[in-house]
Amino acid sequence: MKEELFNKKETGWKNISEENKSNIFKFADEYIYFLNKVKTEREAVAFTERMLKENGFTNVCEKETLNTGDKVYFINHNKSIYIAVIGEEPLENGMKVLGAHIDSPRLDLKPNPLYEDNGFCYLKTHYYGGIKKYQWTAIPLAIHGVIVKSNGEKVEVAIGEDENDPIFTITDLLPHLATEQMDKKLKDGISGEDLNLLVGSIPEEDKEISEKVKLNILMLLNEKYGMKEIDFVSSELEIVPAFTARSLGFDRSMVAGYGQDDRVCAYTSVRAMLDVEKPKKTAVCILADKEEIGSMGNTGMESHVFDYFISELLNKKNENKPNALEKVFCNSKMLSADVDAGLDPIYASVSEKNNAAMIGHGIGLNKYTGARGKSGASDANAEYVAEVRNIFESANVPYQVTELGRVDLGGGGTIAYILADKGMDVIDCGVPVLSMHAPYEVSSKFDVYCAYKAYSAFVQ
Ligand code: MN
Ligand code: MN
C-alpha cells in the first residue's frame, strides 16, 4: 500500500540505466561548452541565434507569411530573443511558452570607471542583481561586453577567458589586519564602493604628468580597442568570473559554473525548441534580459516587445483582428523556466524538507514564489498544475513540486507573474541549484537533462 499511496521522493540516479546515464553526461558536456562560451546576455543571444540558424530557423523579419511548421525568431536589442515554431492550430487557441532569462548577477562598470590610486589603476563597478559582495573579491575576473563609440562603431570585448589573456581581480584585506572588517556583519564586510577592479600598475615614464598609470592603461586600451576614456560612457562592460564551468565530484554527477541562473533553463529550453516539429499549438521560447534587476527596460520581460513579436506572428499568419492578441495570451500555457533553490545539507535549516527541491530528484515545479504570505506570487491554478503533471508523467520525466525555503525566511520571484498578468496559465519550472547567485553555482546533471526532457514534452 505504501508503494502505491506515497508520493515517492528519491534521487534520479538510483537504478539508472547505462544508456540513460550516458545520454545525461553527453548532454551535460554540451551544456558545459555553452556555459563556457556564454557569460553575458548578449553572448547568449548570439550563441542562440547561431544554434537556431544551424537548425533551420529564420529571423521573422525576413518572412512575409508564416505557415505550420515554420521556425522563426526575433532579436530584441541584442539582449533578448523570442523563438517560435508555428503550430497547426490558430494562434488564438493559445501557445505553449517556455520563458527563461539570460542575464545573471555580476558587476557592471560605472559610466566613468577608470581611476588611479597610489600607483594602481582601477575600474569602478556597480553590482547587478542580488549578490553577496564578499564572494566577488579575490577571484579571477574577466571583462565581457561592448564599447560603442559616438560614431556608432561597436567594439566587442571578451578578455580573461583565453589562457593567454590577463585576468583581473578585486583585492580583499589580509586577515592579519582585518580585525575591524571581521567584526562587521557579513553583508557589510565589503562595501559596494570598494568593489574596484584592479587593472594595472605600470606608469607611463616619459611625461611630466599626473596619473601616469592611468595614462598607460588608456594608451593600451586605445591601441587594442581604438577607444578613449569618454567611450566608457557608452559601453556595457560586465565583470564576470573568469573560471570555467566544470564537472563536479569524483562521480562527475554535477556541474559547477557561473551564470547557471538562469542559463541552465535558457539552454535546455532552446534545445527543446530545436526538436519541435509541426506542433499542434505554436511553441514559443522567451530568453529575457533584466530578470535579476526587476525585468524593467526594453529588453526586460515587462516591455511590450514580446507582444509585438506575437502580433507579428498573427499578422504574418493572417489571423490578426481586434482582441486577437489578448485571446492568444488568455489561452496560452507557460512554464516559467527559472532555477529553483536546492536543499543544501550544510544550510538545511533554511529549507523545509517536505517542500524543498532536492538536487538530483528531477525538475522542480514552484506552484508559487513570493515572500511573507506568498506576497507578490503568481500562484498557479490547481487545474494547471494537474495538466503540467500529466504531461511530465506521460513523458516519464521525474519532477518535484517545491517551494523556495522556509516560510518567512525570505523569498524571491521570476518572470512568471508578468505573463500571468496577460492571462496565461503559468508555473515556475526549473533546475534546482546550490550557491545560487554566487560566482560558481552547482547543478545536477540529472536535473539539467530532466529540464530538457520536461520542456520538450511541454512544447511538443
Ligand atoms: Mn533566475
Ligand atoms: Mn536569479
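## Lysine 374 and its loop

At 39% relative accessibility, K374 counts as partly exposed, because the partly exposed class lies between the limits of 20% and 50%. This residue is found in the loop between β17 and α9 (382-394). Its phi angle is near 65 degrees, a positive value in a residue other than glycine. The structure described in this report is a predicted model.

## Other backbone features

R252 also has a positive phi, near 55 degrees, and is likewise a residue other than glycine. R252 is placed in the loop between β11 (246-248) and β12 (254-257).

A further backbone feature concerns the peptide bond from D261 to D262, which is cis, with omega near 10 degrees. D262 lies in helix α6. D261 returns below as a residue that bridges two manganese ions.

## The first manganese ion

The manganese ion (ligand 1) has as its protein donors H101 through NE2, D261 through OD, and D338 through two OD entries, lying 2.1 to 2.6 Å from the ion. Along the sequence, the spacing of these donor residues is H-x159-D-x76-D. D261 belongs to helix α6 and D338 to the loop between β14 (333-336) and β15, so the pair ties together parts that are 77 residues apart in sequence. Both D261 and D338 are buried.

## The second manganese ion and the bridge

The manganese ion (ligand 2) is coordinated by D261 (OD), by E292 through two OE entries, and by H437 (NE2), at 2.1 to 2.6 Å. The sequence spacing of its donor residues is D-x30-E-x144-H. D261 bridges the manganese ion (ligand 2) and the manganese ion (ligand 1), and the two ions lie 3.3 Å apart. The pair D261 and H437 links distant parts of the chain: D261 is in helix α6 (residues 260-275), while H437 is in the loop between β21 (432-434) and β22 (441-444), 176 residues away. D261 is buried, and so is H437.

## The six-stranded sheet

An open sheet is formed by six strands in the order β8-β7-β10-β5-β6-β9, with antiparallel pairing. Its edge strands, β8 (154-159) and β9 (196-200), each pair on one side only. On average, and with direction ignored, neighbouring strands of this sheet are turned by 30 degrees against each other.

Within the sheet, strand β7 (residues 141-148) and strand β10 (residues 235-241) pair in the antiparallel sense over seven bridges. A142 stands opposite V240 in β10. Helix α5 (residues 212-225) packs on the sheet, where it touches β5 (106-117), β6 (120-128), β7, β8 and β9. The direction of helix α5 makes about 130 degrees with that of β5.

## The largest pocket

The largest pocket holds about 1400 Å³ of space. It is lined by 47 residues, and the closest to its centre are A341, V350, L404, G411 and M436. The elements that give two or more residues to this lining are β15 (340-341), β17 (370-371), β19 (411-412) and β21.

## Lysine 14 and a distant partner in sequence

K14 is found in the loop between α1 (2-5) and α2 (18-37). With a relative accessible area of 49%, K14 is partly exposed. K14 and N396 are 382 residues apart in sequence, and their C-alpha atoms are 15 Å apart in space.

Note on methods: Residues numbered from 1 in each chain as written. Chains lettered and ligands numbered in written order. Predicted model: local features only at pLDDT ≥ 70, side-chain atom pairs only at ≥ 80, totals over all residues. Heavy atoms only, no water. Donors = N, O, S within 2.8 Å, 3.2 Å for Na, K, Ca; no water. Helix = DSSP H or I, 4+ residues; strand = E, 2+ residues; numbered from the N terminus. Buried < 20%, exposed > 50% of the residue type's maximum accessible area, 1.4 Å probe, protein only. Pairing = 2+ DSSP bridges. Axes fitted to C-alpha atoms, helices over the stretch in contact; angles between N-to-C directions. Contact = heavy atoms within 4.5 Å. 1 Å grid on protein atoms, 1.4 Å probe; cavity = no way out; pocket = protein on both sides within 12 Å on 5 of 7 lines; lining within 4 Å. Points joined across faces, edges and corners; volume = space filled by probe spheres on them.
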